[in-house]
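Trainee: I am new to this structure, and I would like a close look at a single part of it, together with whatever that part rests against. Please take it slowly, and give the reasoning for each step.

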Amino acid sequence: MKITEENFIKQLKNKNEKAMEYVITTYGWLVKSIVSAKLKLLPNDQEDCMNEIFWAVWIHADCYHKEKGSFANWIAGVAKYKCIDYY
């Protein structure tokens with residue numbers, strides 16, 4: 001099955017690894033920019049923090065609800081709060 005913008009959320013909630021690859025490819029730049037900005041004083045921890053963000057997205061994909069906002073905003077919120085935890 002090909003993962004697209006229309007089906008990646010459903011597939012992510014079904015724990016399809018290809019959906020997670022899609023998230024990393026599509027939203028990785030957003031996560032990286034947030035982590036780089038928030039943890040600029042902790043450059044050695046940035047990669048670990050990004051890994052934890054994507055792990056949290058994988059584990060808590062069921063918490064995302066399209067009615068409440070875009071996936072980009074949701075993953076940005078996850079990234080922001082993981083950075084706060086790291087800092």
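Mentor: Before we begin, one set of terms is needed: a residue is called buried when its relative accessible area is under 20%, exposed when that area is over 50%, and partly exposed in between. Please also keep in mind that the model is predicted.

The part I have chosen is helix H2, and the way into it is the loop between H1 and H2, where Lys-15 is found. Lys-15 has a relative accessible area of 36%, so it counts as partly exposed. Its backbone deserves a second glance, since the phi of Lys-15 is near 65°, a positive value in a residue other than glycine. As background, most residues other than glycine have a negative phi.

Within helix H2 itself we can look at Gly-28, which counts as buried because its relative accessibility is 11%. Leaving aside residues up to four places away in sequence, Gly-28 touches Val-23, Met-50 and Phe-54. Lys-40, by contrast, is 12 residues from Gly-28 along the sequence, and the C-alpha atoms of the two are 17 Å apart in space.

Two of the residues touched by Gly-28, Met-50 and Phe-54, are also in the group from H3 that meets H2, and this brings us to the pair formed by H2 and H3. The axes of H2 and H3 come within 10 Å and cross at roughly 135°. Because of that angle, H2 is oblique to H3, and the crossing in which H2 passes H3 is right-handed. On the H2 side the meeting residues are Glu-17, Met-20, Val-23, Ile-24, Gly-28, Val-31, Lys-32, Val-35 and Ser-36, and on the H3 side they are Gln-46, Cys-49, Met-50, Ile-53, Phe-54, Val-57 and Trp-58. To read such lists it helps to know that an α-helix has 3.6 residues a turn, so residues three or four places apart point the same way.

H3 can now be looked at as a helix in its own right. The 14 residues of H3 should span 20 Å at 1.5 Å a residue, and its end C-alpha atoms are indeed 20 Å apart, so expectation and model agree. Its buried residues are Gln-46, Cys-49, Met-50, Ile-53, Phe-54, Ala-56, Val-57 and Trp-58, and what covers them includes H1, H2 and H4. Gln-46 belongs to this helix and is buried because its relative accessible area is 18%. With residues up to four places away in sequence left out, Gln-46 touches Val-35, Ser-36, Leu-39 and Lys-40.

H2 packs with H4 as well, at an angle of about 40° and with the two axes 9 Å apart. H2 and H4 are therefore oblique to each other, and the contact is made by Val-23, Tyr-27, Leu-30, Val-31, Ile-34, Val-35 and Lys-38 of H2 and by Phe-71, Ala-72, Ile-75, Ala-76, Ala-79, Lys-80 and Cys-83 of H4. Here too H2 makes a right-handed crossing as it passes its partner, H4.

H4 covers residues 71-86, and its 16 residues reach 22 Å from the first C-alpha to the last, close to the 22 Å expected at 1.5 Å a residue. Phe-71, Trp-74, Ile-75, Val-78, Ala-79 and Cys-83 are buried in H4, and the buried residues of this helix pack against H1, H2 and H3.

The cysteines complete the picture, since the structure holds zero disulfides. Cys-83 is buried because its relative accessible area is 1%, and its sulfur is 4.0 Å from the closest cysteine sulfur, in Cys-49, which is too far for a bond, given that a disulfide requires the two sulfur atoms to be within 2.5 Å. For Cys-63 the closest cysteine sulfur is likewise in Cys-49, but it is 18 Å away, again too far for a bond. Cys-63 counts as partly exposed because its relative accessibility is 47%, whereas Cys-83 is buried.

Note on methods:
Residues are numbered from 1 along each chain as its sequence is written. This is a predicted model: local features need pLDDT of at least 70, side-chain atom pairs count only at pLDDT 80 or more; totals for chains, interfaces and linings use all residues. Side-chain values use heavy atoms; hydrogens and water are left out. Helices (H or I, at least four residues) and strands (E, at least two) are DSSP runs, numbered from the N terminus. The expected span of a helix is 1.5 Å times one less than its number of residues. Buried means under 20% relative accessible area, exposed over 50%, partly exposed in between (1.4 Å probe, protein chains only). Contact means heavy atoms within 4.5 Å. Axes are lines fitted to C-alpha atoms, for helices over the stretch in contact, and angles run from 0 to 180 degrees between N-to-C directions. Angles under 35 degrees count as roughly parallel, over 145 as roughly antiparallel, 65 to 115 as roughly perpendicular and the rest as oblique. A crossing is left-handed if the near helix is turned anticlockwise from the far one by less than a right angle, and right-handed if clockwise.
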